[in-house]
Amino acid sequence: PSKPDGLIDITVNGGTDSDRDTVAILDVSNTTNINYNASDADSATIIGVQLVPVMVNDVDQVTVDAQNKVVTIELPTTAGGDAVSFDVTKPDSGPGSGRLQVGANLPVDFVRAANGSRILIDDSAGGGSDSLTYDGDGVANTFVVTRGGSATVGIIDSDLSLATVETTNIEALTIHAGGGDDTVTIGANPPYVLTIDGDLGNDTVELTGVGSAITIDVSNAIPTIVGGGISATPVALTSFEIIKLNAGSQAVSIITGVNGSTYRPTSANSGELQMAGGPKLVLSFVNGLSVVSEMAGTVSSGTVTVDASSASDKSVQVSRGSATVVSVDALLPISVTSDSTILTVNTGDGEDAFTVSGSGGPAMIVLNAGNGVDSFAVSGPGGPGTVTLNAGSGATGSVLLTGSGSAENFVMTPHATDAAQGVLTFGGTTLNLMGIGVDSLDVVGGGGDDTVTLNVPLTTDAIVLTADMADDAGTVQA
């Protein structure tokens, strides 16, 4: 259509009566840009829908019908701090619809916007602290929060009714994903203070492009993340069942709390950490990192279980220290801080080889080998704590104990609750030897003036005491 001669604008006055007035505007213009500027709770100017600007006064609702065109809906804000809302559940007119509102000003409903349309929320006027709240619908959606081509533009991609929502000078973003199994991906350096709520469904949040050390705190009901180039202040991740972290080469700290967690290494560069009664962390790192950088993170507090159960033969390294590192074969290791109370490693069946070295770490370490002919090698200095070697039902194996090089006292006595099992103390460590039988027990003094007293309570086919060139004394009493 063409503009009638002399027509400058269209004005709609709803009047001051108590009736609810609605203005519906069909998009008949030749442009794809629609500018909606509400000045107060019942007045607005709409440009780009008709051939001339449309001004509405004293109305309760404005609806713009894009008539299945690809459009850009521009929503300017004021010079002060504004709270902008975008709700795709309203006006509930199916795909290509939603409701936009700046503060308490007159909202606009749009319908039949074609796929690929955009919403541009523009605070170029600046001033104040502006926020955007994005309310999703009840189906599975994908949100991607990234940075645009300039320092002031953030983009939310979603497979909701519209392709993108772009912002300029908006400081805070809140996403309510709605129902359905939603995925929210947060890229590097988003230009917002973020609040992310998965709402209902089995939801996943994925953190990508991590550019610095990051901390994930899952010790409380609502997990938070801080650092990583994502946010300098903690970001709450409410109602998410899975948290995926592509950490690159950055250090990761994980605070698990007292409820405990289970770690499952899945490859040389990835692993999963399941919180007891909480979300699952899916961690991945780039290839070619050093052992320290390649750890699945440092887990602190609570109980930690490393689950590498399988029928294959495995090699397990437990390096005790202020951060005790557990590695299984060439899979991604995990580091556990000393304030964790219990560290358990489960390997399942197979002929597994365990090596425990160093001192300190969690107060209790339990190694469960499952069935098979397994071997345990424990070396000093040990330090305070308890280590339990459990060969499993019907299993046999070998145990090698090596001192630290200083004078130590090795003492084995029957287990307090099971006389068929053995308890050995050395270097401040209490070592529980559990299982049906031990094929061989080797004790290597390690260079100091050591004393070995073995009141052997368990079925042991061979006992070897090695003095290591020092004034050592050994006593074996079967």
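Let's start with the aromatic pairs: the structure holds four of them. Keep in mind as we go that this is a predicted model.

Take F86 and Y134. Their ring centres sit 4.9 Å apart and their planes meet at 65°, so this pair counts as edge-to-face. What does the pair tie together? F86 belongs to strand 8 and Y134 to strand 12, residues 131-135, so the contact links parts that are 48 residues apart in sequence. Buried or exposed, you may ask, for F86 and Y134? Both are buried.

A second pair, F354 with F376, is stacked, with 5.0 Å from centre to centre and 15° between the planes. Here F354 comes from strand 34, residues 353-359, and F376 from strand 36, residues 374-382, so this pair joins parts 22 residues apart in sequence. F354 is buried, and F376 is buried as well.

Now back to F86 and Y134, since they have company. Ring pairs link F86, F110, Y134 and F143 into a cluster. If you have the structure open, that cluster of F86, F110, Y134 and F143 is a nice place to stop and look.

Next, some backbone details. As a reminder, most residues other than glycine have a negative phi, and most peptide bonds are trans. With that in mind, here are three spots that go the other way.

One is the peptide bond from K90 to P91, which is cis, with omega near 0°. Where does P91 lie? You'll find P91 in the loop between strand 8, residues 83-87, and strand 9, residues 98-102. Strand 8 is also where F86 of our edge-to-face pair lies.

Another is N68, where phi is near 65°, a positive value in a residue other than glycine. N68 is part of strand 6, residues 61-69. Its relative accessible area is 53%, and the cut-off for exposed is over 50%, so N68 counts as exposed.

Then there is R112, again not a glycine, with a positive phi of about 55°. R112 lies in strand 10, which covers residues 108-113. At 35% relative accessibility, R112 is partly exposed.

One more residue to point out is G370, in the loop between strand 35, residues 364-368, and strand 36. With a relative accessible area of 22%, G370 is partly exposed. Which residue should you look for alongside G370? Try N346: the two are 24 residues apart in sequence, yet 7.7 Å apart in space, C-alpha to C-alpha.

Let me zoom out to the whole protein. How many helices and strands are there? The secondary structure comes to zero helices and 45 strands. Of the 478 residues, 47% are buried. Among contacts between residues at least 6 apart in sequence, 57% join residues at least 24 apart. The accessible surface comes to about 19100 Å², and 52% of that belongs to carbon and sulfur atoms.

Finally, a word on confidence. The mean pLDDT is 76, and 74% of the residues reach 70 or more. Which stretches fall under 50? Residues 287-296 stay under 50, and the model gives them 23 contacts beyond four places in sequence. Over residues 467-478 the pLDDT is also below 50, and that stretch has 28 contacts beyond near neighbours in sequence.

That's my tour, so please jump in with questions.

Methods
Residues numbered from 1 in each chain as written. Predicted model: local features only at pLDDT ≥ 70, side-chain atom pairs only at ≥ 80, totals over all residues. Heavy atoms only, no water. Helix = DSSP H or I, 4+ residues; strand = E, 2+ residues; numbered from the N terminus. Buried < 20%, exposed > 50% of the residue type's maximum accessible area, 1.4 Å probe, protein only. Phe/Tyr/Trp six-rings, centres within 6.5 Å; stacked < 30°, edge-to-face > 60°. Contact = heavy atoms within 4.5 Å. Areas by Shrake-Rupley, 256 points an atom, 1.4 Å probe, with all protein chains shown as cover. pLDDT = per-residue confidence, 0-100.
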